[in-house]
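Trainee: Could you take me through one part of this model at close range? I would like to see how a single element sits among its neighbours, and then what else is worth a look.

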Amino acid sequence: MRIPALVIGGGLSGLAAAIRIARFSPEVVLLEKHSRLGGLNSYFYRNKKLYETGLHAITNYAEPGDKKAPLNRLLRQLKLRRKDITLCQQFQSKVVFKDKQSLYFSNEFELFQSEISEKFPASANNFQKLLNFLQEFDAFAPTPFRSAKAFLLQTLENRLLVDMILCPLMYYGSSHEDDMDLSQFAIMFRAIFQEGMFRPFGTIKDFLELLVKHLECLGGQIRTSCGVEKIFRNDSHSIVRLESGEEIECDYILSTIGYQETLRLLDGKVPSSPDSLPRLGFVETIYQLDDSKGLSIDKDSTITFYNENENFSYKSPKELVDFSSGVICFPGNFHGIEVKNELEIRSTHLASYSKWKELSSDKNSYLEQKNHCSSESLKRIEALTGKFASRITYQNSFTPVTIERYTSKIKGAIYGNPTKIKNGDIGLSNIFLAGTDQGFLGIIGSMLSGVSIVNQHILPKL
Ligand SMILES: Cc1cc2nc3c(=O)[nH]c(=O)nc-3n(C[C@H](O)[C@H](O)[C@H](O)COP(=O)(O)OP(=O)(O)OC[C@H]3O[C@@H](n4cnc5c(N)ncnc54)[C@H](O)[C@@H]3O)c2cc1C
């Protein structure tokens, strides 16, 4: 039997794309290589406790009445009821740079504006010019890369302010070393500073289960442990061969696994583009703490983005990890989330894929360096929040090699190929690209990517 549409990859973009297709063509099938869905945003168990692998915070918070907000548009497109997801808003977050210079922000944009007026009074007018520009700017026009950094330096005329604004936006959404695309900047500026951050009540597992149930209710089929090994295509249809040897025939394919990753599956002559820019790797560490006696650490912020250097550097480090900047997240610091006796802290830093890969052939050295990474990251967190090392009950670090192993992303690069294919068109009439390499990043971004590429390329043809 030939099915109309097949989605490759059960991360958030694939799940959103499959739901969107299933609303109009219920025979859609989603194939996921691993036994568990979620991709970069999944979970695992240790000592019978669930740990999330990703979710710090979801960007693009919006009130229910704001019909044009990306979050509400996404829910409408997926026909998900907002009341089925309890949105817990962040407390507040901050950017902390060398010499304790800080900028606080929350889901009330006025806080960020007043912080800039107070701490960068000479730049207040230029900041308003930036806001005026962003209001008129079409971030979704399929334009070539334009340097956000150069534009900001010219507009704000203050390197420190530019770095402090870029630090959270790059960490949560730039695939480029030391810069980001101006369109991506505009999207992320709105997503993080103007709209703000939240997380769903419950865990990522609950959120994934909601999506799965919804997809299955619409008639869609999900098959886990079904890695695609090869795609044989002609202009009328494709045959997808799974790692098990089974073959599935389909009219249209939406791949969410990455551009080069998709090309590797295609049989015969395929369009190709050079992958010359470096891909960025990260390490993520989880610390579980015993908080039964009440730790006296600074627990007021949800996310802290820090930088210790004179200038903020966002590039693949020469050493295993660059601890001089990073992200510290308290996943319990959201309104409406009850934390009982336990506290979790997560940290993220830039890391070198090639150094970790080199090390991974020697298991002992690899594990030793993972432990070293947890200790070094801990020092940075403690310097900002206060001491808690003696209360750690569990800790674990994920390297770019871990991410490569569990998501098959080339070089374990969370944000994929620096060059994006914004229209999802990879030069084939029946295979399209969504997800990380299309260009919308993060959880809401990847879900919107799945929906918009389905709307643009697949639904008109079904
Ligand atoms: C540590 C970490 C922290 C993060 N924190 C946040 C955050 O706080 N907020 C936020 O918004 N975003 C965050 N992100 C980013 C966010 O998780 C991603 O941008 C988003 O989930 C990407 O979704 P995707 O569906 O495009 O890709 P993926 O999640 O990579 O999904 C692709 C899927 O395809 C599958 N696959 C690959 N090859 C094949 C094959 N051959 N056959 C079948 N299936 C295949 C993979 O197994 C994977 O499940 C974080 C990511 C990480 C790793």
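Mentor: Happily! In this predicted model, the buried residues of helix α1 pack against β1 (2–8), β2 (29–31) and β12 (247–255), and also against the helices α2 (70–78), α8 (204–217) and α13 (442–458). Helix α1 spans residues 12–22, and because 11 of its 11 residues are buried, it is largely enclosed by the rest of the structure. Walk along α1 and you meet L12, S13, G14 and L15, then A16, A17 and A18, and finally I19, R20, I21 and A22, each of them buried. Note that R20 is among these buried residues.

Now let us turn to a sheet. Its 7 strands form an open sheet with mixed pairing, in the order β7-β6-β14-β15-β16-β13-β17. At the edges lie β7 (101–105) and β17 (392–398), each pairing on one side only. Ignoring direction, neighbouring strands here are turned by 20° against each other on average. Within the sheet, β14 (residues 303–307) and β15 (residues 321–329) run antiparallel and pair over 5 bridges; to find your bearings, look for I303, which stands opposite C329 in β15.

Two helices pack on this sheet. Helix α6 (residues 159–171) touches β6 (93–97), β7, β14, β15 and β16 (342–351), and its direction makes about 120° with that of β14. Helix α11 (residues 363–385) touches β6, β13 (281–290), β14, β15, β16 and β17, with its direction at about 60° to that of β15.

Technical notes
Residues are numbered from 1 along each chain as its sequence is written. This is a predicted model: local features need pLDDT of at least 70, side-chain atom pairs count only at pLDDT 80 or more; totals for chains, interfaces and linings use all residues. Two strands pair if DSSP finds at least two bridges between them. Helices (H or I, at least four residues) and strands (E, at least two) are DSSP runs, numbered from the N terminus. Axes are lines fitted to C-alpha atoms, for helices over the stretch in contact, and angles run from 0 to 180 degrees between N-to-C directions. Two residues are in contact if their C-beta atoms, placed from the backbone, lie within 7 Å. A residue is buried if 20 or more other C-beta atoms lie within 10 Å of its own, exposed if 12 or fewer, and partly exposed in between; C-beta atoms are placed from the backbone.
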